[in-house]
Amino acid sequence: MSSAEKIRAPEDAVRWRERQRGPVVFTNGVFDLLHVGHVTLLEAARAEGDALVVGVNSDASVRRLEKGTDRPIVPEGERARLLAALASVDCVVVFDEETPLELIAVIQPDVLVKGADWAADAIVGRDIVEARGGRVVRAEIEPGYSTTAIIQKIKALG
C-alpha cells in the first residue's frame with residue numbers, strides 16, 4: 001500500500017476502522033517538522049494495539065492553536081504523507097477543528113494515546129474512549145525534541 005492510500009477523509013476512516021479486527025489506537029498532533037520524538041510517540045502508540053490512526057491538525061487548525069504566524073512550516077498534505085509513510089502508522093486523518101474530539105467520536109478508538117506531558121484530565125476524548133471500556137495511555141516522551149526547538153536552532157544558525 002502506498003503512503004497516499006493511508007490518508008483518509010473522516011468518513012473513509014470510519015469505514016476503514018469498522019474493518020479492523022483488533023484494538024485500534026488513536027493519537028493526534030501537529031507533526032510540523034517530523035523528529036525522533038514524534039517517531040518514539042507513534043511507535044509507542046502503535047504498540048498499544050493492532051492499528052494506529054493519527055489525527056493531524058489542518059493548517060488552519062494549527063494557526064488557531066497560536067503556534068505562531070510562521071506555523072505550520074510544512075503544509076498539512078505533506079505532513080500527512082510523511083506520517084503515512086511510517087510503518088507504525090496505519091491511517092492518517094487531517095482534521096480542521098482545534099481538537100480531535102469530533103474525530104475521536106466517529107472513529108471510536110479502543111485506545112487513546114497522548115504524550116506524558118499532557119495531564120490526564122486534559123486529554124481530549126478521554127471520556128469517549130473510557131465510556132466504551134477503552135484505555136487512555138500517557139506515553140513517555142523523548143526529552144529534548146520539539147519542533148519549536150528545531151526552529152529556534154535553525155534561526156540561531158542565521
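Tutor: Before we look at any residue, note that buried means under 20% relative accessible area, exposed means over 50%, and partly exposed lies in between, with a 1.4 Å probe and protein chains only. This is a predicted model, in which local features need pLDDT of at least 70 and side-chain atom pairs count only at pLDDT 80 or more, while totals for chains, interfaces and linings use all residues. Residues are numbered from 1 along each chain as its sequence is written, and side-chain values use heavy atoms, with hydrogens and water left out.

Student: Why is Glu48 called partly exposed?

Tutor: Glu48 has a relative accessible area of 27%, and partly exposed is the class between under 20% and over 50%, so Glu48 is partly exposed.

Student: What makes the pair of Glu48 and Arg135 a salt bridge?

Tutor: A salt bridge is a side-chain nitrogen of Lys or Arg within 4 Å of a carboxyl oxygen of Asp or Glu, and the side chains of Glu48 and Arg135 meet at 3.0 Å, N to O, so the pair fits the definition. Glu48 lies in the loop between α2 (36-46) and β2 (51-57) and Arg135 in strand β5 (residues 135-139), so the bridge ties together parts that are 87 residues apart in sequence. Helices (H or I, at least four residues) and strands (E, at least two) are DSSP runs, numbered from the N terminus.

Student: Why is Arg17 called buried?

Tutor: The relative accessible area of Arg17 is 12%, which falls under the limit for buried, so Arg17 belongs in that class. Its side chain meets that of Asp110 in a salt bridge at 2.9 Å, N to O. Asp110, at 25%, is partly exposed.

Student: How do you know that Arg79 is buried?

Tutor: Arg79 has 1% relative accessibility, and this value is under the cut-off for buried, so the word applies. Arg79 is found in helix α4 (residues 76-84).

Student: What makes the pair of Arg79 and Asp59 a polar contact?

Tutor: A polar contact is a pair of N or O atoms within 3.5 Å; within protein, one must be able to donate a hydrogen and the other to accept it, and residues adjacent in sequence count only if both atoms are side-chain atoms. The side chains of Arg79 and Asp59 make such a contact at 2.7 Å, so the distance is within the limit.
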